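This report introduces a protein structure to a reader who has not met it before. The sequence and the structure are shown first, and the description follows.

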Amino acid sequence: MTNRSSESSDPTIDWESSQVVDQWSRNQAVRDESIGPATERMLDLAGLQNGHRVLDLAAGTGGQSLLAARRVGSTGYVLATDISAAMLNAAAEAAQRAGLANIETRVMNAERLDLGAESFDAVICRFALMLFSEPSKVLREVHRVLKRGGKCAALVFSTEEKNPYQGIPFVIVRRMGGKTGPHFSLGNPQRLRDIFRDAGFHDITVNKVSVERHFASAVDAIRRLRDAIFIRQPMAKLVERAREQAWAEIEFQLKRLEGPSGLDLSGEFLIGVGTK
């Protein structure tokens, strides 16, 4: 999940930063564990089959690219694209470690894909579509490069209220005068459906996926959050006093949700799917 584009509406994260890339890669296993089932569902809905050519849009460090490559097999092909060369370098290294020779990485702006028309069987996009300033423009490009009958499946967050792990920190940071990214900009199912329709897709569906996160305590959750890029970067832009106050309030809000076995936070994602 990286963005993505020079026209991105998320100014809070520098995806070319070696610190950001290292941090993102370090948290890959934890991230894949929490969103793994949703990712597999996205791949199911994209209709990946053995031998397919797949475009992974805004692939980041390529966690979902590897899963897609295993699904399409040695006769298939996955092109992982991203605006960040540093993130794609990490993806290429991960593919090499996994022994997957059917993945290629290429730096590319999702709003202007340097790819031939009708050249892919499927397109996937994990937690990136909502970060573009013009998601409809991105989907029009996706529509162009898909073969007829091909599908695009995009995984996005639903609303802040339904995703307290991200939503509580975002609300509090904004209350302190900070800026947060547009992570929830496609949380309205109708909005997601509309941008697929406007790009020319048909047989459009919006699928809800639940996620559960368990933490030993609110303090454990705070430890994770302090190392999470989506909130760490906006927090860094607050003055020290506001930052300390924000973390204290986040901890207070999370402690209110603790139970006898720790802290369990539910979440909800949406997967938009369209067919060319």
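## Terms and model

A residue is called exposed when its relative accessible area is over 50%, buried when that area is under 20%, and partly exposed in between. The model described here is predicted.

## A salt bridge within helix α8

Helix α8 spans residues 218–226 and contains both Arg223 and Asp220, which are three residues apart, about one turn of the helix. Their side chains meet in a salt bridge, with an N to O distance of 2.7 Å. The two partners differ in their surroundings: Arg223 has a relative accessibility of 52% and therefore counts as exposed, whereas Asp220 is buried, at 16%.

Elsewhere, salt bridges with shared partners link Glu40, Asp44 and Arg71 into one network.

## Other salt bridges

In total, the structure contains 15 salt bridges. One of them joins Glu104 to Arg106, with 3.2 Å between the closest N and O atoms. Both residues of this pair are partly exposed: the relative accessible area is 30% for Glu104 and 29% for Arg106.

A further salt bridge connects Glu268 with Lys162, where the closest N and O atoms are 3.6 Å apart. Glu268 belongs to strand β7 (residues 263–275), while Lys162 is in the loop between β5 (146–157) and α6 (164–175), so this pair ties together parts that are 106 residues apart in sequence. Glu268 counts as buried, with 15% relative accessibility, and Lys162 counts as partly exposed, with 41%.

## The surroundings of Asn163

The loop between β5 and α6 also holds Asn163. This residue counts as buried, its relative accessibility being 1%. A polar atom of the Asn163 side chain lies 3.0 Å from the backbone oxygen of Glu268. Glu268 thus appears in two settings: it forms a salt bridge with Lys162, and its backbone oxygen is placed beside the side chain of Asn163 at the distance of 3.0 Å.

When neighbours within four places in sequence are set aside, the contacts of Asn163 include Ser266, Gly267, Glu268 and Phe269. Phe157, Ser158, Ile168 and Phe184 are also among the residues that Asn163 contacts.

## Parallel strands and a β-α-β unit

Strand β2 (residues 77–82) pairs with strand β3 (residues 103–107) in the parallel sense, over five bridges. Within this pairing, Ala80 has Thr105 in β3 as its bridge partner. Together with helix α4 (residues 85–97), the strands β2 and β3 make a right-handed β-α-β unit.

## Cysteines without disulfides

How many disulfides does a search of the whole structure find? The search finds zero. A disulfide is a covalent bond between the sulfur atoms of two cysteines. In this model, a pair of cysteine sulfur atoms would have to lie within 2.5 Å to count as one.

The sulfur of Cys125 has its closest cysteine sulfur in Cys152, at 6.9 Å, which is too far for a bond. Seen from the other side, the closest cysteine sulfur to that of Cys152 is the one in Cys125. Both residues are buried: Cys125 has a relative accessibility of 2%, and Cys152 has a relative accessible area of 2%.

Definitions and conventions
Residues are numbered from 1 along each chain as its sequence is written. This is a predicted model: local features need pLDDT of at least 70, side-chain atom pairs count only at pLDDT 80 or more; totals for chains, interfaces and linings use all residues. Side-chain values use heavy atoms; hydrogens and water are left out. A salt bridge is a side-chain nitrogen of Lys or Arg within 4 Å of a carboxyl oxygen of Asp or Glu. Buried means under 20% relative accessible area, exposed over 50%, partly exposed in between (1.4 Å probe, protein chains only). Helices (H or I, at least four residues) and strands (E, at least two) are DSSP runs, numbered from the N terminus. Two strands pair if DSSP finds at least two bridges between them. A crossover is right-handed if, with the strands pointing away from the viewer, the path from the first strand over the helix to the second runs clockwise. A polar contact is a pair of N or O atoms within 3.5 Å; within protein, one must be able to donate a hydrogen and the other to accept it, and residues adjacent in sequence count only if both atoms are side-chain atoms. Contact means heavy atoms within 4.5 Å.
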